[in-house]
Amino acid sequence: MCEPDGFPIWTSDVEPGGVVDIEAARRHVLPAVYPYAKAMPVLADPGYQGAGHGIVVPFKQPADGTMLSVDNRDRNALQRALRSLGERGFALLTERWTALQHTTLSP
């Protein structure tokens, strides 16, 4: 979990094996975040689709190949710009802690 400026404020314990991000978030983060998400939405990447109310994820591109509406594309662009500040937290984690320089944060 990161502050709005991207500074990491909390990391969970290590999960065994191939636990996907959304499952780890459901165990460790989301129960603590939900009471606050009603007042201030939480921005998340598309992997958190279905995380619950107050967790804002981008619209996915339709599988049939049609384009998203202009409103949805604009919303995604705005959210991406805001989320980029939070993504700074991943960069700080992987650069400051030597052990994390040898791990991957993507599947």
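In this predicted model, residue A51 touches I22, L30 and Y34 when residues up to four places away in sequence are left out of the count. A51 also belongs to the largest nonpolar core, a set of ten residues that is made up of I22, A25, L30, V33, A37, A44, Y48, A51, I55 and V57. Two or more residues of this core are given by each of the elements α1 (21–28) and α2 (30–37), and the largest share, three residues, comes from α2. In soluble globular proteins, nonpolar side chains tend to be buried together.

Helix α1 also holds a charged pair, R26 and E23, which lie three residues apart, or about one turn of the helix. These two residues form a salt bridge in which the closest N and O atoms are 3.1 Å apart, and a search of the whole structure finds one salt bridge. R26 has a relative accessible area of 38% and is therefore partly exposed, while E23, at 32% relative accessibility, likewise counts as partly exposed.

Helix α3 comprises 27 residues, from 70 to 96, and at 1.5 Å a residue these should span 39 Å, which agrees with the 39 Å that separates the end C-alpha atoms. A bend of about 35 degrees is nevertheless found in α3 at S84. The buried residues of this helix are N76, Q79, R83, G89, L92, L93 and T94, and what covers them includes the strands β1 (42–43) and β2 (55–56).

Notes
Residues are numbered from 1 along each chain as its sequence is written. This is a predicted model: local features need pLDDT of at least 70, side-chain atom pairs count only at pLDDT 80 or more; totals for chains, interfaces and linings use all residues. Side-chain values use heavy atoms; hydrogens and water are left out. Helices (H or I, at least four residues) and strands (E, at least two) are DSSP runs, numbered from the N terminus. The expected span of a helix is 1.5 Å times one less than its number of residues. The bend at a residue is the angle between axes fitted to the seven residues ending there and the seven starting there. Buried means under 20% relative accessible area, exposed over 50%, partly exposed in between (1.4 Å probe, protein chains only). Contact means heavy atoms within 4.5 Å. A nonpolar core is a set of buried Ala, Val, Leu, Ile, Met, Phe, Trp, Tyr and Cys residues joined through side-chain atoms within 4.5 Å. A salt bridge is a side-chain nitrogen of Lys or Arg within 4 Å of a carboxyl oxygen of Asp or Glu.
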